[in-house]
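Let's take a walk through a protein model together. Have a look at the sequence and the 3D view below, then read on.

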Amino acid sequence: MTAHDPLSRPPRARASLATPRGKGTRSTRSAAATSRADAAAEAKRVATEGPSLDVALQGGGSHGAFTWGVLDALLEDGRFRLDGVSGTSAGAMNAAVLATGFARGGALGARQALSAFWQAVSGVPACFGRVGQATANANADSGPPPLDLPSWIYNRSSWPGMAAWNAWLRLWSPYQLNPFNLDPLRDIVQAHVDVAALREGPIKVFVTATSVRTGQPRVFSGQDLSVEALMASACLPQSAQTVVIDGEPFWDGGFSGNPALWPLVYGTHTDDVLLVQINPREHAGIPRTATEIDDRINEITFNASLVAELRAISFVQRLLRDRRIDPTRYKQMRLHRVADEDGLAPFGASSKLNTDPRLLTTLFGLGRHAAQRWLATCGPSVGTASTLDIDEVFLANRVTQAKPPSTA
């Protein structure tokens, strides 16, 4: 892939927006018909060729741009047929935009749709950031993009005066600060997501939100999918009013499933699941400031449900290997993982609320590089073997054990 600005609108998208619907010339209409035919042929090819793959996308605010980079590389590679995608919060947004773009224009359409979505997010100040010029080189051989500015620039908690500002904000709820429930993110989602494509498109979509009343996850799929379901999945109660669907109040899905894996177990026929993880498992040092403590609580909380699901999956897989349960009733899942904990380490939890285009561009490049690395080393195993050792990566005891007392 050549060097490009990942936050710029793709040339094809600009051309399609240049002529109002129904006003194009014969050549324009002919080109559009050819484009649709090409997209249909691509969708058919992907549906019948190559190993199938489910994708599970974690939430994490603007860190979802890392996932965007991963998806961009997977779609560009083109060797896998995407069957189902489960997402939470920003992962749900990526899933919905991916499915919308793919239904309209195959893999290329999905890449363009994701680029346009993140461009829109970066261009709205109320979505936490400001517009600026972004450049990136996402070539596989160039390595991850270097930071153009010190990481603390993107960590809002490091900004002068932010501690006092955050303390003041904690005195008020979203109902007091935003009584009219204005949400520019909702407008962006409505502009970039086709609900019909989510419900009936070639990629199955699963979106997780948390019931405020019960604390349990609800997974929206099929005809239950909607813009409201996406907003519920991304509803952080400290900054947004509760989303009510069918009389049930919902908060961010990360509290109960980040992402939920079981819908991919029961809702698709695919045995391979690729987890795109953006929340760090470990954190060096002791959090000492109020902000550092809040950040670490955020990381632990938003990984806890995932670790619990992986523990259950590991247990079932062990029973299957030992032939202690009926293999016709349970999937012998093959799990894979894309992550870059070292690359994301400089960006604290507060940077998840910052959509400065330079940050999004950096995260996009990190995601592409991580996916390209995974494609080269683990991609050939899809369809035949797992490349993620759950017990080693997630369940192994890494707590420092006290030394036994010495005896004379």
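## A loop, a strand and two marked residues

Pro-259 sits in the loop between strand E6 (248-252) and helix H10 (262-267). Helices here are DSSP runs of H or I with at least four residues, strands are E runs of at least two, and both are numbered from the N terminus. The bond between Asn-258 and Pro-259 is a cis peptide bond, with omega about -10 degrees.

Before going further, keep in mind that this is a predicted model, where local features need pLDDT of at least 70, side-chain atom pairs count only at pLDDT 80 or more, and totals for chains, interfaces and linings use all residues. Residues are numbered from 1 along each chain as its sequence is written, and side-chain values use heavy atoms, leaving out hydrogens and water.

Now find strand E1 (residues 52-57). Six of its six residues are buried, so E1 is largely enclosed by the rest of the structure. Buried means under 20% relative accessible area, exposed means over 50%, and partly exposed is in between (1.4 Å probe, protein chains only). Side chains in a regular strand alternate between the two faces of the sheet. In E1, Ser-52, Asp-54 and Ala-56 point one way, while Leu-53, Val-55 and Leu-57 point the other.

E1 has partners, too. Strands count as paired if DSSP finds at least two bridges between them. Here are two pairings:

| Partner of E1 | Bridges | Direction | One facing pair |
|---|---|---|---|
| E2 (residues 81-88) | five | parallel | Ala-56 and Ser-86 |
| E7 (residues 272-276) | four | parallel | Leu-57 and Val-276 |

Next, two residues that aren't glycine but have a positive phi. For Ser-89, in the loop between E2 and helix H4 (90-122), phi is near 55 degrees. Asp-246, in the loop between strand E5 (243-245) and E6, has a phi of about 55 degrees. Ser-89 is buried, at 10% relative accessible area, whereas Asp-246 is exposed, at 73%.

Which residues does UniProt list for "active site"? The unreviewed entry gives Ser-89 and Asp-252. They span 164 residues in sequence, yet their C-alpha atoms are no more than 6.4 Å apart, so they gather at one spot. Such annotations may be inferred rather than shown by experiment; feature names are shortened and positions follow the numbering used here.

Asp-252 lies in E6 and is buried, at 1% relative accessibility. Leaving aside neighbours within four places in sequence, Ser-89 is in contact (heavy atoms within 4.5 Å) with Gly-59, Ser-233, Ala-234 and Asp-252.
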